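Me: Please take a close look at the sheet in this model. I would like its pairing, its edges and what packs on it, in one connected account.

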Amino acid sequence: MFSDIMKNVKAKSPLINVITNFVTVNDCANILLAAGASPCMAYDIREVEDIVSISQGLVINLGAIEDDRAMLLSTKKANEMKIPVIFDPVAAGASRLRNDLCTEFLQNVKFSVIRGNISEIKSLALGSSTTKGVDAADADEITENNISEVVKMAKSLSEKTGSVIAISGKTDVVADHQRAYIIKNGHPMMALITGSGCMLTTLICAYCAANPDRIFESTAAAVCTMGVCGEYAYQKTIDTDTGTSSFRNYLIDYVSKLDSEMIEERMKLEVY
Ligand SMILES: Nc1ncnc2c1ncn2[C@@H]1O[C@H](COP(=O)(O)OP(=O)(O)O)[C@@H](O)[C@H]1O
Ligand SMILES: Cc1ncsc1CCOP(=O)(O)O
Ligand SMILES: [Mg+2]
């Protein structure tokens with residue numbers, strides 16, 4: 001199902017500029033290299049437009065905001081060039097600064113994909129402030145009881161923004177204004193390392209940059225990749241009697257080793 005999408009990442013090796021946070025920046029660069037893409041983490045206002053002008057994709061991650069002017073300048077350039085721009089509204093709902101910037105970005109930028117955990121996406125869609133900092137609140141967890149409401153919210157946010165919406169967690173949702181996939185891969189250990197969300201957003205950008213006419217399918221492919229690699233990495237952690245720090249390395253290892261057969265074998269994707 002996703003074989004050509006993954007092959008295109010390796011064949012085209014898109015250059016992705018990532019304006020992200022100092023916590024997970026190195027993991028984001030490594031996940032791109034593991035997938036076959038090429039990372040650049042330029043964020044200085046004096047050069048972002050030049051770097052974006054030679055890039056095939058752009059990530060804007062709000063994890064630790066240093067210079068929102070550089071973020072806006074680079075998105076403007078990327079939108080002019082019509083390359084995919086992926087937004088990670090880290091900790092949306094947690095502070096006025098984050099909420100104001102989310103509003104400003106959604107008004108002024110065309111994002112191909114918005115990827116966040118359920119509390120972050122609820123904050124964008126409903127204006128709620130339930131988030132536990134950068135992590136989703138337990139009370140927001142997607143369950144069988146609320147899944148139809150969550151899908152409805154994602155479709156409506158997609159309609160409003162024109163972006164594909166990816167919600168991550170134990171259950172992942174990928175939706176545009178009329179379609180939705182539910183993906184049930186991954187492992188709870190993914191929430192015990194920092195950066196699994198930031199890496200997923202960055203991987204989505206690589207997949208979209210290599211397949212700019214297939215944003216919805218590319219987003220789903222990246223979400224499945226991350227989930228399946230989380231499962232393999234957990235198994236390896238158990239087999240080697242190691243813990244969360246090794247798990248993080250194994251996660252990147254498996255992204256570099258993964259092929260489409262390994263995904264198809266384990267993928268738990270349903271059309272909703
Ligand atoms: N309990 C879980 N079970 C399975 N996969 C999970 C779980 N929690 C997070 N993940 C996976 O971890 C990755 C990051 O998701 P998430 O933790 O929601 O992002 P963030 O770090 O931005 O809060 C996604 O691939 C998601 O599917
Ligand atoms: C802990 C932390 N604090 C500011 S950004 C950040 C990283 C968040 O990464 P992720 O959302 O991928 O867990
Ligand atoms: Mg996050």
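Reply: Strands β1 (residues 15–19) and β3 (residues 57–61) pair in the parallel sense, over 4 bridges. I19 has I60 of β3 as its bridge partner. The model is a predicted one.

Both strands belong to an open sheet of 9 strands with mixed pairing. The order runs β2-β1-β3-β4-β5-β6-β7-β8-β9. The edges are β2 (38–40) and β9 (269–271). Each has a single partner strand, so one side of each is left without a neighbour in the sheet. On average, neighbouring strands are turned by 20° against each other, direction ignored.

Now the helices. Helix α2 (residues 25–35) lies across β1 and β2. Against β2, α2 runs at about 160°. Helix α8 lies across β1, β3, β4 (85–88), β5 (113–117) and β6 (164–168). Its angle to β3 is about 160°.

α8 is mostly covered, with 15 of its 15 residues buried. Its length can be checked too. The helix holds 15 residues, 196–210, and at 1.5 Å a residue it should span 21 Å. The end C-alpha atoms of α8 are 21 Å apart, which agrees.

Last, the ligand shell. Ligand 2 is surrounded by N21, V23, T24, G63, A64, V90, V134, T194, G195, S196, G197 and C198. By class, this shell divides into 5 nonpolar and 7 polar residues, with no charged ones. Helix α8 covers residues 196–210, and the shell of ligand 2 includes S196, G197 and C198.

How values were computed. Residues numbered from 1 in each chain as written. Chains lettered and ligands numbered in written order. Predicted model: local features only at pLDDT ≥ 70, side-chain atom pairs only at ≥ 80, totals over all residues. Near = placed C-beta within 6 Å. Nonpolar A, V, L, I, M, F, W, Y, C, P; charged D, E, K, R; others polar. Helix = DSSP H or I, 4+ residues; strand = E, 2+ residues; numbered from the N terminus. Expected span 1.5 Å × (residues − 1). Buried ≥ 20, exposed ≤ 12 C-beta atoms within 10 Å, placed from the backbone. Pairing = 2+ DSSP bridges. Axes fitted to C-alpha atoms, helices over the stretch in contact; angles between N-to-C directions. Contact = placed C-beta atoms within 7 Å.
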